Structures are given as C-alpha cells and as structure tokens.
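Hi,

Here is the structure I promised to pass on. Have a look at it first, and my notes follow underneath.

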Amino acid sequence: VSTQSTWGFKQSRLMQATGFQADKFPFTTKNEELKKAIGDLITAQSTSLESRIASMTEQAKTLQKQGEENNKKLTEFIAKSEWEEQVVKGDSSYHTMKGDDGFLCLKSIALVKATPIEVFAFLRMEKYKTDYDLNYLKGEDVEVFPANLRIVHWYFQGKMIVSGRDFVVLQYYSFDPKTKTIITSSTSIEDSRVPPIESSVRGKIMIAGFMIKPVSSTMTEVTYVTKMDLCGSIPQMMQNSVIKNQGEKCALVAQNLSLIHISEPTRPLYISYAVFCLKQKK
C-alpha cells in the first residue's frame, strides 16, 4: 500500500494519541514534503510526554527541565515592554532592545498564511533554513531525546576577513492545545562531544527562539527573538549586517513558506503573454 494512500489513516490515528489533535493543530497544506515533516512530528509525539520523560536518564531529565525553563524565559522575553520598533514593512516588523548586560536584543514579527503546525514543521526542515536565515550554513544533531528536546551544532558563515561562527545549542519545543501556540527555545550549552573548531569562533546564545500562534484559521503570527554574543572581534558594519538579517527572519519565513505551501500540481500555471492575448480574443 502506498504511503500516500495510508496518510489519512495515520493522520487520524496519531492525532488522537497526541497533542496534535485535528481541531487543535490543523493543517491544510497539499505539499508532500511539508505533510511528511508534519507526519514525522506527529509520530514523535505518539506517546505521552510524561512517559517519554520517564524513559530518559537523569542527566537528560535535567536538560528537559532546563528546556522547559528556557521556554518560560522566552515567553517573558518576548513580552518585555522595552522593545523599540525599528522597521515596519507590510505584515512584518522588527524591534530592538538593549539588554542590562549591554548586548543588543532583537525581535522579528510577521504574519504567515499557514497554520501553526505548518510553520513549525517548515522551521524544522533543514533544506529550507538557508532561505530565511541568510548566514546559516548547516546544522548537525549531537543528540536527540524523546521528549521534544535535542542538542544541535549550528554553523554560520563568515564574511570577508571575519571568521564563521558556530553554536552548540539545547533546543526545546512545547505545545499549548488551549491557545494553539507552539514555542521553541534555543540556548547555548557546553558539550564535550563538540570541541571548538579552528576555522570558527564559538558563539553564545543567551536566548533565542520562536513563538508561533494563530490569529485566524488560516493566518499565524510568528515571533522570533534572539540575544547572543558572537564573541571575538567583529567590525560594526558586520554586526549591523547580522542584525539586519535576523530582523528579516520572520518576513523571509512567510515569503518562503508561501512558495512551498501549495503542491506543484495546484500552482497556477505560467501563461505567456501571447497565449493570454489569444485567450482574451476568444
């Protein structure tokens, strides 16, 4: 039996068993890649969070608690009143704030024509990350835990004389069926399995992540925040470039997700000007 023909059965069975109930986290995309990414997320949630946590080592449980705490910090960070609006463009904007420790913080917001689970699945698809994070090179999982938790090694490209940066990050995500909101946070951690790289400078993410919440049945507000130390010496011009790229992140998510949200067979076909004129004459 083909994967496509069994998809509806898998979808209904798994949604009943997880936090991804059809009425809580619906999806309508016809794009097969995006549907598969959503299916993978659903499969990962096929047992309760409590039972998955119970199966982990004590060290992993400590990381789990740290992830939960990071998500709370991210929510509070987004809600701070000190954010100053810098640029508004259509349905997107970005804001900055100076932290108490002197580090510049950034918040990016955009409306995306998709449901929260579609946005989240898209954000987890490695092949599209360079489309909305313009300095991103690649990411490698160091360890994946059963309870919405992973340690990942991210690589970012340098420019001209400035070396690239890399980050070893604890990433955690959570779902709130009541508000239909998805939160994913990232913070730097030390991990002996990932020693420093000679060709790169190890940066530090104090807090970063996305809040993904619906504003209607077809529109989602995506908020991204970050506070990081790029470490090493970086010219101000390069720092401004990084800030600008991060500020455009949510707008680029909206733009690029819209390109893959509709499956190829249902996209409007290109019609040449000559053919269009013929059709008009008829």
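The lining of the largest pocket splits into 13 nonpolar, three polar and eight charged residues. Before I go on, keep in mind that this is a predicted model. The pocket has a volume of about 480 Å³. Its lining takes in 24 residues, and L41, R124, D141, R150 and Y173 are the ones that lie nearest the centre. Four elements each supply at least two lining residues: α2 (32–44), β4 (136–145), β5 (149–156) and β6 (164–176). Which of them gives the largest share? That is β4, with six residues.

Since β4 and β5 both turn up there, a word on how they go together. The two strands pair in the antiparallel sense, over eight bridges. D141, one of the residues nearest the pocket centre, has V152 in β5 as its bridge partner. Three residues sit between the strands of this hairpin, and N148 takes a positive phi near 60°.

Next, the cavity. How many cavities of 30 Å³ or more does the structure hold? Just one, and about 570 Å³ of space lies in it. Of the 37 residues that line this cavity, D133, F156, Y224, Q246 and K249 are the closest to its centre. Two or more lining residues come from each of α5, α6 (129–132), β5, β6, β7 (181–188), β9, β10 and α7 (236–247). The top contributor is α7, which gives six residues. By type, the cavity lining divides into 17 nonpolar, 13 polar and seven charged residues. So that you can set the two side by side: β5 and β6 each give at least two residues to the pocket lining, and both also give two or more to the lining of the cavity.

Now for the helix I'd look at first, α5. Is it enclosed or open? Eight of the eight residues of α5 (residues 116–123) are buried, so the helix is largely enclosed by the rest of the structure. The buried set runs P116, I117, E118, V119, F120, A121, F122 and L123, with the charged E118 among them.

That helix also shows up in the largest nonpolar core. The core has 44 residues, and I117, V119, F120, F122, I212 and L257 touch the most other members. Elements giving two or more residues to this core are α2, β3 (104–112), α5, β5, β6, β9, β10 (220–229) and α8 (249–261). There is also a second, separate core of twelve residues, including M56, A60, F145 and I151. Back in α5, F122 touches L34, Y128, Y132, V253, N256, L257 and I260, leaving aside residues up to four places away in sequence.

One last residue, P214, which sits in strand β9 (residues 204–214). Is P214 buried, partly exposed or exposed? It counts as partly exposed, because its relative accessibility is 26% and the partly exposed class lies between 20% and 50%. Beyond its neighbours up to four places away in sequence, P214 touches P116, T179, K180, M219 and T220. P116 belongs to α5, which ties this residue back to the buried helix. P214 and V112 are 102 residues apart along the chain, and their C-alpha atoms are separated by 9.3 Å.

Cheers

Terms used: Residues are numbered from 1 along each chain as its sequence is written. This is a predicted model: local features need pLDDT of at least 70, side-chain atom pairs count only at pLDDT 80 or more; totals for chains, interfaces and linings use all residues. Side-chain values use heavy atoms; hydrogens and water are left out. Buried means under 20% relative accessible area, exposed over 50%, partly exposed in between (1.4 Å probe, protein chains only). On a 1 Å grid over the protein atoms alone, a cavity is a set of points where a 1.4 Å probe fits but cannot get out, and a pocket is an open set with protein on both sides within 12 Å along at least five of seven lines; lining residues have an atom within 4 Å of a point. Grid points are joined across faces, edges and corners, and a volume is the space filled by probe spheres set on the points. Contact means heavy atoms within 4.5 Å. Two strands pair if DSSP finds at least two bridges between them. A nonpolar core is a set of buried Ala, Val, Leu, Ile, Met, Phe, Trp, Tyr and Cys residues joined through side-chain atoms within 4.5 Å.
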